[in-house]
Amino acid sequence: MCGIIGYVGRELVVPLLLDGLARLEYRGYDSAGIAVIAGDRILRHRQAGKVAALGAAIGETPCAATVGIGHTRWATHGAPSEENAHPHVDCRGRIAIIHNGIIENYRPLKEALLRDGHQFRSETDSEVLAHLIESQDGRDLPSAVAAAVSQAEGAFALAVLSLDHPGTIVVARRGSPLVIGRGASGTFVSSDIPALLGRATHVQFLDDDEVAELSEDGYRITTLDGRNVDRPEHQVTADPVSIQKGGYKHFMLKEIHEQARSVGETVREKASKTEDLVRLADLDPVTSGIEDVVLIACGTAYHAALVAEYLWEEHLRLPVRTMIASEFRIRSPHLTPRTLVIAVSQSGETIDTLMAVRRAREHGARVIALVNNEQSAIDREADGSLYTRAGIEIGVAATKTFTAQIAALGLFGLRLAQRAGTLPSERLRAELDDLSLLPGRIRETLRMERRIDRLAETFHHTSDVLFLARGVLYPVALEGALKLKEISYIHAEGYPAGEMKHGPIALIDEKTPVVVLVSRGIAYEKVLGNLEEVRARKGPVIALTDTPDDPAIGRLADHVLPVPTVGGISRPVLYTIPLQLLAYYIAVWRGTDVDQPRNLAKTVTVE
Ligand code: BG6
């Protein structure tokens, strides 16, 4: 999952490309490159490493070019290196391409092109596209690109420069996201909207198997077989401030601190305490008459979906299953037209979840998307959507979108139970009361930051950590372990506390800290029993609990982090925040790249 940027207009293109790539870097950051039309030749700069290194290598060299493309990479085929960095060119250096996705049949295509005398310079699958376009001699660029991608299998977002068409950029898409932006000085293409903030006023999302020709004054979209496509544009609403760190050391810390607002806004849009109402009626037509629910997602979103399964089973008298999207795709889950599939994804572009949505639809199931990005592919392909209002999330490790997903799914579950007549009204009132107080309780919990920083100092040398919990807090323990893995590279596992003695207890000794989530309302005595078992093996205990004054906790835990006492939807949200802060500060003490951890990317658009 790479980042793609392009511009054709009246402004100097090199600074625009470098700034765009810096904004897209969370999509992949192992190598980068740009190509511009400079008079009668294509000028290319490529570099292994971060965009800043590319910028430094380009330096202040004056370049009058106003048309160009840029790419930041997450390697799939061929190690991160200058040779494998994009843009790639054809044999004559007259065509340059950048690509996000995987060309699954690149080997047979490459062999045929090699037989035709083409010379390849990289190990990538992407380079095959430059030579395929080159082999469409005599066609105009849009139809050459259309002919080339019609031979490709797999996912792609592609942008093409050609010396024979110096005033245009041609782009094409299947599976990987691509958005066109119209600005005052010219036309942009990008993998997502953050790179266009403050530059484009209107955007157009390219659909699968569409080609667009961009020029200084606008763009023209056609299908692969050349039919014109006309679709309304969308106004850009987000402001550029939202993609700045706002004085925080890392985007992740900023986003952790934005959760009172992101959860508050997500709830406010969907519920009214004064009217005792969950306002999700627009989804009623999609949910009426459903007989079962399947939640599908990846990564952190999967943990939010699992929290929903625990929350919903209390009032929803329907079978609810949560499945990892990549597994859903290869299993044979029982799906009927009365099955509701809910796809949870912050980006709305994760390809495993997108393909799982398509599989669900093939089986006649109804699909509702929960996304943070309106107009994302999963949003556009669902029968109905609800949104988290977390704002743009830049930190690769998801934080504010997770807690917003829990709030949104929690409310959606209440709506389903309310419509099914299985939700007592006093229960709804209690939830809405708690949710109205949740932003304040989040701020209260964030006040533990300094204390958690000191705890992180104590434990940042550890090599293994176990997270234990029961009930609805178990998926939160999974999320705590994932956060620590993602940004500190420490091996960490989340486990149902009751399952500990059936295996993971073998890991426990004085060097393996155990983080336990304990709540009065969830099998309290049993979790205290698990704490005893950990103590008996000298495991250092960090207890997150809403009973900090219970002497038993004081006796069994080395470190106690108090969490406000609350039930329902609010509880998993509040227990998450100390775990996000713990992972963050342990990573800071270990000096890892918190916002762009190794080997990860914010949106996975390759299978
Ligand atoms: C991974 C991200 O690439 O994708 C995770 O690093 C994220 O943070 C996961 O949870 C799923 O992404 P999404 O956009 O589908 O929620």
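**Notebook: a predicted three-domain chain**

I began near the end of the chain, where Asn 599 is exposed, with a relative accessible area of 60%. I noted that this is a predicted model, and I read every value below as computed from it. Asn 599 sits in the segment after α19 (570-590), and I looked up its backbone because it has a positive phi of about 65° although it is not a glycine. Most residues other than glycine have a negative phi, and most peptide bonds are trans.

**Backbone entries**

I then turned to Tyr 489, which also carries a positive phi of about 65° without being a glycine. I placed Tyr 489 in the loop between α16 (474-488) and β24 (491-496), and its relative accessibility of 25% makes it partly exposed. Over the face of the Tyr 489 ring I found Arg 598, at 3.9 Å from the ring centre. For the peptide bonds, I recorded a cis bond that joins His 86 and Pro 87, with omega about 0°; Pro 87 belongs to the loop between β4 (67-73) and β5 (88-89).

**Rings**

I looked up a further charge over a ring and found Lys 50 lying over the face of Tyr 29, at 5.3 Å from the ring centre. The search for aromatic pairs gave three in the structure. I examined the pair of Tyr 584 and Tyr 585, whose ring centres are 4.8 Å apart and whose planes stand at 85°, so I entered the pair as edge-to-face. Both partners are covered: Tyr 584 is buried at a relative accessible area of 1%, and Tyr 585 is buried at 7%.

**Domains and the interface of domains 1 and 2**

I copied the domain assignment, which gives domain 1 (3-243), domain 2 (251-445) and domain 3 (449-590). I took domain 1 and domain 2 as the pair to examine, and their C-alpha centres lie 34 Å apart. Across this interface, 17 residues of domain 1 are in contact with 14 residues of domain 2. The two domains bury about 1,100 Å² between them, with 58% of that area on carbon and sulfur atoms. On the side of domain 1, I noted that Tyr 26, Phe 205 and Ile 243 supply 36% of the area it buries against domain 2, more than any other three residues. I also recorded that the rule finds two salt bridges across the interface of domain 1 and domain 2. In a separate entry, I wrote down the salt bridge in which the side chains of Asp 207 and Arg 380 meet, at 3.0 Å from N to O.

**Helix α4**

I asked myself which elements the buried residues of α4 pack against. Helix α4 (residues 127-134) is mostly covered, with eight of its eight residues buried, and among them I listed the charged residues Glu 127 and Glu 134 together with Val 128, Leu 129 and His 131. The buried residues of the helix pack against β5, β6 (95-103), α3 (106-115), α5 (141-150) and β7 (154-162).

**Salt bridges**

My search of the whole structure returned 41 salt bridges. I looked at the one between the side chains of Asp 19 and Arg 199, which meet at 2.8 Å from N to O. Asp 19 lies in helix α1 (residues 13-24) and Arg 199 in the loop between β10 (186-190) and β11 (200-205), so this pair ties together parts that are 180 residues apart in sequence. Asp 19 is partly exposed at a relative accessible area of 26%, and Arg 199 is partly exposed at 28%.

Next I entered Arg 427 and Glu 431, a salt bridge with the closest N and O atoms 3.0 Å apart. Both residues lie in helix α14 (residues 425-446), four residues apart, which is about one turn of the helix. I noted that Arg 427 is partly exposed at 23% relative accessibility, whereas Glu 431 is buried at 4%.

I closed with Arg 535 and Asp 558, whose side chains meet in a salt bridge at 2.8 Å, N to O. This pair links distant parts of the chain, with Arg 535 in helix α17 (residues 524-536) and Asp 558 in the loop between α18 (551-556) and β27 (559-562), 23 residues apart. Arg 535 is partly exposed at 31% relative accessibility, and Asp 558 is partly exposed at 40%. As a last entry, I recorded one network in which salt bridges that share partners join Arg 173, Asp 208, Arg 358 and Glu 381.

Key. Residues are numbered from 1 along each chain as its sequence is written. This is a predicted model: local features need pLDDT of at least 70, side-chain atom pairs count only at pLDDT 80 or more; totals for chains, interfaces and linings use all residues. Side-chain values use heavy atoms; hydrogens and water are left out. Rings of Phe, Tyr and Trp (its six-membered ring) pair if their centres lie within 6.5 Å; planes under 30 degrees apart count as stacked, over 60 as edge-to-face and the rest as tilted. Buried means under 20% relative accessible area, exposed over 50%, partly exposed in between (1.4 Å probe, protein chains only). A charge sits over a ring if NZ of Lys or CZ of Arg is within 6 Å of the ring centre and within 35 degrees of the ring normal. Helices (H or I, at least four residues) and strands (E, at least two) are DSSP runs, numbered from the N terminus. Domain bounds come from an automatic or database domain assignment. Contact means heavy atoms within 4.5 Å. Buried area is the accessible area (1.4 Å probe) that two parts lose on being put together, summed over both. A salt bridge is a side-chain nitrogen of Lys or Arg within 4 Å of a carboxyl oxygen of Asp or Glu.
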